[in-house]
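Welcome! Let's take a short walk through this structure together, one stop at a time.

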Amino acid sequence: MSFPSVNPTTTAAWKALEAHALEAKNWHLRDLLASEADRFERMHVRVDDLLLFDYAKHRVSETTLSLLEQLFAECGAPEALQAQLSGEAINQTENRAVLHSALRDPRTEALLVNGEDARALAKGERDRMFAFAEAIRDGRKKSFTGKKFTHVVNIGIGGSDLGPRMAVEALKPFSDRGIQMHFVANVDGSDLHECLLQVDPERTLFIVASKTFTTQETMANAEAARTWLIQQLGDPACTQKQFVALSTNLEKVKAFGISEKNTFGFWDWVGGRYSVWSAIGMPLCIAIGADGFQQFLDGAHAIDQHAAQTPFRQNIPMLMAALGIWYRNFMDAASHAVLPYDQYLHRFAAYLQQADMESNGKYVDRNGERVTYATGPVVWGEPGTNGQHAFYQLIHQGTELIPADFIASVQPQHPLHAHHAKLLSNFLAQTEALAIGRPQAATVYKVFEGNRPTSTLLFDALTPYALGSLIALYEHKIFFQGVIWNVYSYDQWGVELGKEMANAILPELEGDGALGAHDPSTTALLKHVRSFS
């Protein structure tokens, strides 16, 4: 491994930050902003024709930033990113490379992983996906009854659902409105039931997204959808025309009844929550077309280059990660809010919850030892201005420090420009109010302490390119934070135990035999549920 495994608390920078934080806890953003006329100039990054990142409204000084930069150097963050991008097996608990970046890399030089060229593999499958998506969009590929598809139902869960669902919603203005996109994830039957009430069986394409083709929730929904379609069309052969698989398990895909030409794969160096750039992005590709999807990839690749080549003080994902470390580990902030002022991004916080918390929600470090410091925060949020009428009270006047990311676009993707001015007025007002507060009021209940830190990500416009850039910014932020916390960000063993236990309980719910060994509470609950059968 070309970057070190470092317990961050042993570094000189960490020790200096602990001492520095004692002083910083007495600072107020109102004073910092008033006393430093050049603060915004020093604490923002402009990426031409894309976005502006403002971090002036944070409880940091030049000393804070210098110490954070030193911490990143001592923990080997730049080297870690180079190791990832070059195809090293940095996911050591699974002995895998982590190369979702190769899925969006246009370069043709070979990038070898296990003797295969990852870039060439990615391009080959991407070209197949582009051709298929365009054939669906223009009607060349028809349904079992010879009709043009007007509905697409994506059946997946986790990364096979959250990424494409979020991206399809975000890029609706660029979508073919003649094709309605639907997503089914929950094994709760109501999810599939309500979806099937909305679609025309003669015009619906089902996409089953599961790398192993064994995921319990996905396969239960896929099998029920297949049964429904056969009942509606009267011939099992319809599966060959109206089902697509996004999987690497060709044997199980064939047994399900999906043809090989309708099967699109990816590789073990593509993690589920980072897979929207692969064939898992098929729903998005169908929605916005091959050209739009390529722009989406290009935006992400631009950030890959930015993250790898830009110095710390101009490196947006490094700065985002460093600020998160500062608040999580030195200011006792247990959660982080993501607040997009864009209704098209209404699923973005949900997407980031998996990307962040499944990556860095770890208490065992890269040496197999329990950490002695806080790692991943709780990530949450909703679109503005909805959140202002819900949980902003807690951010403004609650007892918890909650750093927040405010995300918006200068230009809207709709014609209601008066609405957008109102939206942006709230967007700008909230970050100012959180920072400055209102120290004096007629009653104590109307006093706002302020000093609540925020970052501002202001895009020129939310295009496919911009969305790709936005997602990649957070991907790199998450990885950088995992490096500092010295955890393996790309495994997710924490999701396995519940799955194993559910598989043990299922036959006990479906049968009437003796129950297995459970704790008293679970045994009583099982008996209660079985009493209804």
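Keep in mind as you look around that this is a predicted model. A good place to begin is the set of buried residues of helix 1, whose cover includes helix 4 (62-74) and helix 13 (316-330). The residues of helix 1 that are buried are A13, W14, L17, H20, A21 and A24. Why might such a spacing turn up in a helix? An α-helix has 3.6 residues a turn, so residues three or four places apart point the same way. You can also check the length of helix 1, which covers residues 12-24. Its 13 residues, at 1.5 Å a residue, should span 18 Å, and the end C-alpha atoms are indeed 18 Å apart, so the two values agree.

Next, find helix 6 (residues 118-138), where E125 lies. Is E125 buried or exposed? Its relative accessibility is 17%, and because buried means under 20%, E125 counts as buried. Beyond its neighbours within four places in sequence, E125 is in contact with T263, F264, G265 and W267. With G265 there is a polar detail to look for: a polar atom of the E125 side chain lies 2.7 Å from the backbone nitrogen of G265.

Our last stop is a pair of packed helices. Two packed helices are described by the angle between their axes and the distance between the axes. For helix 7 (residues 159-170) and helix 14 (residues 348-360), the angle is about 145 degrees and the axes are 9 Å apart. Their crossing is left-handed. Helix 7 brings G159, L162, G163 and M166 to the contact, while helix 14 brings F348, A350, Y351 and Q354. Of these contact residues, five are nonpolar, three are polar and none is charged.

Terms used: Residues numbered from 1 in each chain as written. Predicted model: local features only at pLDDT ≥ 70, side-chain atom pairs only at ≥ 80, totals over all residues. Heavy atoms only, no water. Axes fitted to C-alpha atoms, helices over the stretch in contact; angles between N-to-C directions. Helix = DSSP H or I, 4+ residues; strand = E, 2+ residues; numbered from the N terminus. Left-handed = near helix turned anticlockwise from the far one by under 90°. Contact = heavy atoms within 4.5 Å. Nonpolar A, V, L, I, M, F, W, Y, C, P; charged D, E, K, R; others polar. Buried < 20%, exposed > 50% of the residue type's maximum accessible area, 1.4 Å probe, protein only. Polar contact = N/O pair within 3.5 Å; in protein donor to acceptor, adjacent residues only side chain to side chain. Expected span 1.5 Å × (residues − 1).
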